[in-house]
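The following exchange examines how structural terms are assigned. Each answer sets a value against a criterion and concludes from it.

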Amino acid sequence: MLTEQEIRGDLGKLKNIVIAHKAPSAELAIHREIIAGQEFDVFTNAPPNLSGLYDLGLTQGDKTFLVYLHERYSFAETIDMARRMARVLRDQFGIVSGDRVALCSRNSPEWCIAYMAATIVGAIIVPMNSWWKSAEMEYGLKDSGSKLAFLDFPRFQQIQNLLNVLNIEAILIKPEQETTYPEFYSLIDGVKALTNAEIDSLKVPPENDASIMYTSGSTGMPKGVLSTHRNIINALYTWRFVKEINEILRPELVEEEPEFEPALLCNVPLFHVTGSHAQFLASFVYHRKMVMMYKWDAEKALELIEQERISIFHGVPTMTWELMQSKNFNQTDLRSLRGVQSGGAPRPPEHLKMMVEKFPAKAQPGLGYGLTETNAIGAIISGKFYVTKPHSTGRPTPPVSEVKIVDESGKELGPNEVGEICIRGPTVMKRYWNKPKDTAEVLKEGWFHTGDIGLLDNLGFLVIQDRAKDIVIRGGENIGCAEVEYAISEHPLVNEVSVYGIPDDRLGEVPVATVMLRPETILQPEDLRNFLREKIATFKIPEKIYFQYTKLPRIASGKIAKKALRRHTIEKLELS
């Protein structure tokens, strides 16, 4: 652990690097630029667009990039396939800058190649939650106005009847039977990759729209977060800046000749910013091997860490907990690990204590805080800082982002004062897709108002205390309570409902519903769950459902007293 004096000393070094606008390396220099009327610090030497980011992989083109089951692809092979698919999108499907291309699939190399191809030609990629049901997928396709969709077979089966209705073309990933739609690899077989000159002629500037990622919020259906190429790339370079800063502050952790090459276990869905940004896209920056899992399994993850010499394990806290609980943990060779990081949900301090005891000393624990709307940037903490301040999610990520705490009137608060967390910088989204009113509520003078409640302590470390937004975070998945309430309300026996989260040792939080039934009716919890399985993704379905025939409790404004319901449920479970 560090003393406060040691922390202040490290923060002084950090200030000299960041505030003086010096960079750990020339590649990470920054300058100020006007974007949409607001002045921001941005990385000077970052690639101008995602195609330029992918080209970073060509400097070490022979290195292994993607590993999936028995498949292995180098950087050069992956980029070649992406450029061939980019030609197919442009020439055969007429995809041009600004067109939306949906991506509905579980993790796979084809997911990555499709993402790359669409963004190379300047299209807006729309990664959709692969756990969504057909109604949710229909909403995403309609809302985004997608012209084409990459679909794996299970997703295709869910929405094949909608494709003609919505006038959407499709490319199938590993179809399990013949269809009238083209198969992924048959389209690129024998096709010439787009050349550098052809890609340059597409002229995709930094402020071009790059992606729409859907996030569950406090009101109704998910909102599409529209981000530009600059938003995404500045997030990636922020993590690189933080990595180099940590190496300056903790030189004892830097190995002169590392025994193992950089390698990351891709163990979270790529349709989240953690998967798409921190795992997939960041691997181009670090020339890092990415080992993809078909689905999460702690035993398989340990096997891959040893077999592929994984250096970075990065997932929701639940995953780290399950690794440590595995019967194979102590028999697994973990020498290659250099970081055990997490994001998407808070980590209980007792988990951190166990991590320090069980993982190798060089496997530094870490935690990050960010949102889809900020392209996962907000605050970050690792190593001795984290061990010293286990309740914090770290200091605001330098050098291009800022964090402040404000009260209900928007006034900035001082150290240790509790208010809403706001984030500003070039990684903050452009807007919500098709939702100008929602955008205006959260984007004010360049600041994104997160809806999260917290404080900055006297050393500038962020502590998150609550959420103003009505969401449950289940194992890193955001669940909008309103969306679940709407789905439950459609059942003919339901009068009113309130959905809220309760603590869970493994998943952090799980959703619970208290339901008022119509008089003289009977409904079983499993019957309601079966009803919901046709409407919303399985992870959104409440773990516990409580029925009653009386009206749900209210607060003075007439709204349902959700906090009182939550408190009552927790007390009831503690007594049982």
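The questions below concern cysteines, salt bridges and one helix in this predicted model.

Q: Why is C112 said to be in no disulfide?
A: A search of the whole structure finds zero disulfides. The cysteine sulfur nearest to that of C112 belongs to C266, at 6.8 Å. A disulfide requires two cysteine sulfur atoms within 2.5 Å, so C112 and C266 do not qualify.

Q: What makes C112 buried or exposed?
A: The relative accessible area of C112 is 0%. Buried means under 20%, and C112 is therefore buried. C481, at 1%, is likewise counted as buried.

Q: Why is the contact between E71 and K174 called a salt bridge?
A: Their side chains approach to 3.1 Å, N to O. The criterion is a Lys or Arg side-chain nitrogen within 4 Å of an Asp or Glu carboxyl oxygen, so the pair qualifies. E71 belongs to strand β4, K174 to the loop between β8 and α7, and 103 residues separate them.

Q: Why is K174 classed as buried, partly exposed or exposed?
A: K174 has a relative accessibility of 39%. Partly exposed covers the range between under 20% and over 50%, so K174 is partly exposed.

Q: How do you know that K147 and D99 form a salt bridge?
A: The closest N and O atoms of K147 and D99 are 3.5 Å apart, and the cut-off is 4 Å; the pair therefore counts as a salt bridge. K147 lies in the loop between α5 and β7, and D99 in the loop between α3 and β5, 48 residues apart. The two partners are classed separately: K147, at 32%, is partly exposed, whereas D99, at 16%, is buried.

Q: What makes K289 and E308 a salt bridge, and are these residues buried or exposed?
A: Their closest N and O atoms are 2.8 Å apart, within the 4 Å limit, so a salt bridge is assigned. K289, in strand β12, and E308, in the loop between α11 and β13, are 19 residues apart in sequence, so the pair ties these parts together. With values of 15% for K289 and 6% for E308, both fall under 20% and are therefore buried.

Q: Which residues of helix α5 are buried, and what covers them?
A: The buried residues of α5 are E136, M137, Y139, G140, L141, D143 and S144. The elements covering them include β5, β6, α6, β9 and α16. Just after α5, G145 adopts a positive phi of about 70°.

Note on methods
Residues numbered from 1 in each chain as written. Predicted model: local features only at pLDDT ≥ 70, side-chain atom pairs only at ≥ 80, totals over all residues. Heavy atoms only, no water. Buried < 20%, exposed > 50% of the residue type's maximum accessible area, 1.4 Å probe, protein only. Helix = DSSP H or I, 4+ residues; strand = E, 2+ residues; numbered from the N terminus. Contact = heavy atoms within 4.5 Å.
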